[in-house]
Amino acid sequence: MQSSNKSRNLNPRTAAAAPPQNPSTSFTPRYEFIDFLDVGGTMTLSQEIANLSQDSGQDLPEENVQIGSIQGTVVGLRYYTGTVNRGEMVALVRQPQNPYDRNAVMVANVYGSQVGHIKKELAAPMAYIMDNNLARVEGVVPYGETNKFSMPVNLTFWGKEENREAVHNQMRRHGFRLGTEFKGGTAQKSFGRDLLGLSSKISAIPLTVEELKNAFDKLFDDLMEDKTREMEPAGAVCTSLLPHQKQALSWMTSRENNNDLPPFWEEKSGFYFNVLTNFAVKERPEKVLGGILADDMGLGKTLTTIALIVSNFHNGKPLPLEQCEGSSMSSTCRKKSTSKDHKESHEPVSSSQLKRLHADGKSADTIEEDVPQKKAKTAKQPAKNSGNTKKGVVLLDDVDFAAALECSSSQVGPAKKSAKKGSGSGKVPSVSGGGSGARVTLIVCPLSVLSNWLDQFEQHIRADVTLKVYLYYGAERKRSVKLLSEQDVVLTTYNVLSSDYGNKSSSPLHKVKWLRVVLDEGHVIRNPNALQSKAVLDLQSERRWILSGTPIQNSLKDLYMLLSFLKLKPFDVKEWWNRIIQRPVTMGDRVGLSNLQALVKGITLRRTKNSKVAGRMLVQLPERRVFVQHVTFSEEEREEYEQVRKEGRKIIDRYLEEGTMMTNYADVLAILVRLRQYCCHPSLVGKHTRADDPGTPSELRERLINKITLVLNSGSDEECAICLDSLRQPVITYCAHVYCRPCICEVIQSEKEQARCPLCRAQINSKELVEYPGEEMEAGPVTQEHWRSSSKVDALMSNLLKLRNEDPTVKSLVVSQFTRFMDLIEVPLREYGFSFTRLDGSMAQTARSKAIQDFQDSSPGSPTIMLLSLKAGGVGLNLTAASHVYMMDPAWNPAAEDQCVDRCHRLGQTRDVVITKFIVKDSVEEKMVMIQKKKQELVDKAFGVKKPQDRKQSRTDEIRALMEI
DNA sequence: ACCGCCGGGTGCC
DNA sequence: ACCGCCGGGTGCC
């Protein structure tokens, strides 16, 4: 990956000529010697290495060009304890404070122990190169590892292409010559792999970007093998685990009790040997107990972790818990029975609802569109304690919080109350044999899920058992190490943890020796420089877990932080992570990638909602049925509609005759949008914009803005004719064709002055592109006085009213592509006293989350309807409170409809989902559905991708069909 | 280090 | 003897 053509502000020549402090001109005064020792004494080498390799941003691909190699000498071996093996990687660390030589370059092994120094003659140019960031130097000791006084070291220089010359010159000035290969070649193959850079020649063909991306996406897939053993939780857990949760429990337990060597360590003739770095030690490397539980959201990471806490204390035995006999609880497994009840009562209800829907007024028009899915069972695991009011409680301090929670949950045993105040009187369980007295599990989570953890402990731990959970949160939190050490679980947030850590004075959390630390939503600590990351790394614990649905959010770098937390040596030091994994992988090295895969596989469990256990889905979603309800226009509506259609058809006929359909494509779309709007509600149809004289440029511009707005606001999901994908940064040309800005700009750039519109061959240039101004309301507010209904609105309302009669707790999504239609629907909703919320693309983040939260809340009086614009919100949007979906108008893109339905038909949905699509008979909507189906057939047959010419033809055909021509 | 280098002892053969 | 040579002391940066 060469980057020499990239214009960089740093000119290598100037950089080389700039006179940074010539090291030899200033002598180090004697007293600095003492300073140096002091500093050196308080800072470990690995810290020094870590500090030095931070923040340099040297892991970008373009900075990873191999500049050259040379063999050097490590001297002074007898003064240090660090040893190396044949072929072992070593770190080179500048020591500018060294009293004997400001150019000193220290050599350290993987464990951070100093091995020696680079001989001073070579250190001089190296220091200059390293200090000026001209290159990064990596070393491998090829042989001579048993020498007493000095040993050779193969040095490889890595850096930006633009610094190549400067580095070579600097070396030459000192009488060294960088080559491309090491001679002698006797070095490789000792214990493990060849680390001398020769391997990159052997495993030659680098991964393509596509392959890399693919591999990256699949990094966490296929991790399932041999992780299928199940384990029953300890008796204190009253919820029965789903099979995949038992598997996770079994896997987590084995990760905690394992006696295995950490990944890439092998035992060879009495030594422990790291096959990646060739580092060997006599002492067994510390075990890595724990790992990453990367299951998808909703698979029960929290429950599994709770089960782990009570099931795997010391020596694989359950956590000894006191029984509280005086408990007022009659049922020991209330939650279990609740969920069971739910499940059993559930299916009949939903099926009868379906029947009733069939039998509803318009039953003759209502046909079941999709074949129902094979009989599905409701997820057994209860979602949230329905009817609770925990949300919205302001968390002032732990007392308030705990009190609020207790109020909301009527079934808290007395023992638990005392536990929350930390005054648990239960005897401390004897620590059997396990060596350390560590007892407590610390859970760190974002504030947003704190209450969820408390809920889940309540829900899943038997009520007659005392599990001491202390909420370390709020101003009143007790900073007593003793108190914390007496708990079973301490729960806190990243913020509390890091603010305690920041006030160096006292961080009790950092004084406790934890049995287990669990980072919930562990991906939040991906920035190693953030205080909260440092706070988390400094916790002392025997076992460590990261829970995260998205372990890698942005890049491979995110993983570094996670491995660092797990103390997975040597990857917890940035230099080694970069050298062994990050750099090789980003450069497309297959060996590096397979190392990464092996690494991740060893410590991660990940299942998605699509994963299967023994051929069956992990979690069966409730059924999902789709009905199409045909709506008949009133006579008046039909008349008006036909008039609009005829007008539009006249215009389009003319375009067809002239063969200017593509030239006037935006106009054509506008006509279609108007018809579609009319199907919903006559008031939606905006004023006619005539497609005649272009007028002045500013008028033209305005007209174009109107067109693009009309097209894009309608939610028709237009595609860019260049990339054939959904529009990104849409712009409209003067010839009224819509493209992604990057796509059309590329065309203009390559064709320069001759650039023509790909669709109509009109001359275009980049200055004449008009941007989509964003969503805007094109009309004033809808008021009750001017309001009239429409057949479609009537159909919706009759459905909603019937539904409310049958079951007032059922919630519905009312989905449209036209936000103004949503405005119109609000009027009758209010009139009939429905409580509703609304979510559309124009809403600010806070308003959105409030709307979602209100809707998801199941307490009485909460909104039962959400007006949802088709494309609002990302895939993460969770609207499982709804079990009915009304699709008010068909979309061009069926995938958009499916995606929308997925927001309620997803993990956490407990009822069957009923989808009703309203389609106006004998209208453009019916034709759209037809075309949708044809398109879907093409996609299914994998002929979905067409050439632009074909697309043009098929579009013309589509429009003919739509206009009934 | 079974080296190189330094610096004191020494000095025809 | 302002040299050569010998042999002991010594040894990273």
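1. Strand pairing, S13 with S16. Thr-441 has Val-489 of S16 as its bridge partner. The two strands, S13 and S16, run in the parallel sense and pair over five bridges. Note that this is a predicted model. Strands of a sheet pair through backbone hydrogen bonds, in either a parallel or an antiparallel way.

2. The whole sheet. S13 and S16 belong to an open sheet of seven strands. The order is S15-S16-S13-S17-S18-S10-S19, with parallel pairing. Which strands stand at the edges? They are S15 (469–471) and S19 (604–605). Each has a single partner strand, so one side of each lacks a neighbour in the sheet.

3. Asp-488 and Arg-439. These side chains form a salt bridge, 2.6 Å from N to O. Asp-488 sits in the loop between helix H14 (481–485) and strand S16 (489–493), while Arg-439 sits in the loop between helix H12 (414–420) and strand S13 (441–445). The pair therefore ties together parts that are 49 residues apart in sequence. Both residues are buried.

4. Arg-516 and Glu-256. Here too a salt bridge joins two side chains, with 2.6 Å from N to O. The partners come from distant parts of the chain: Arg-516 from strand S17 (residues 513–519) and Glu-256 from helix H8 (residues 243–257), 260 residues apart. Are they buried or exposed? Arg-516 is buried, at 0% relative accessible area. Glu-256 is buried as well, at 3%. Both count as buried because the cut-off is under 20%.

5. Lys-850 and Asp-854. This salt bridge lies within helix H27 (residues 845–856). The closest N and O atoms are 2.7 Å apart. The two residues are four apart in sequence, which means a separation of about one helical turn. An α-helix has 3.6 residues a turn, so residues three or four places apart point the same way. Asp-854 is partly exposed, with a relative accessible area of 28%.

6. Salt bridges overall. How many salt bridges does the count give? It comes to 36. There is also a network of salt bridges, linking Arg-136, Glu-138, Glu-575, Arg-579 and Arg-583.

7. Helix H21. It covers residues 635–658, 24 residues in total. From first C-alpha to last it reaches 35 Å, close to the 34 Å expected at 1.5 Å a residue. Its buried residues are Glu-637, Tyr-641, Glu-642, Val-644, Arg-645, Gly-648, Ile-652 and Tyr-655. After H21 comes Gly-659, which has a positive phi, near 70°.

8. Surroundings of DNA strand C. The residues near this strand are Val-75, Gly-76, Arg-78, Tyr-79, Tyr-80, Asn-98, Tyr-100, Asp-101, His-117, Ile-118, Lys-119 and Lys-120. Of the atoms of DNA strand C within 4 Å of the protein, sugar and phosphate make up 50%. By residue class, this surface has five nonpolar, three polar and four charged residues.

9. Polar contacts to DNA strand C. Which part of the strand does Tyr-80 meet? A polar side-chain atom of Tyr-80 lies 3.0 Å from a base nitrogen. Asn-98 places a side-chain N or O atom 3.3 Å from a base oxygen. Lys-120 uses its backbone: a polar atom there is 3.2 Å from a phosphate oxygen.

Terms used
Residues numbered from 1 in each chain as written. Chains lettered and ligands numbered in written order. Predicted model: local features only at pLDDT ≥ 70, side-chain atom pairs only at ≥ 80, totals over all residues. Heavy atoms only, no water. Salt bridge = Lys/Arg side-chain N within 4 Å of Asp/Glu carboxyl O. Buried < 20%, exposed > 50% of the residue type's maximum accessible area, 1.4 Å probe, protein only. Near = heavy atom within 4 Å. Polar contact = N/O pair within 3.5 Å; in protein donor to acceptor, adjacent residues only side chain to side chain. Nonpolar A, V, L, I, M, F, W, Y, C, P; charged D, E, K, R; others polar. Expected span 1.5 Å × (residues − 1). Pairing = 2+ DSSP bridges.
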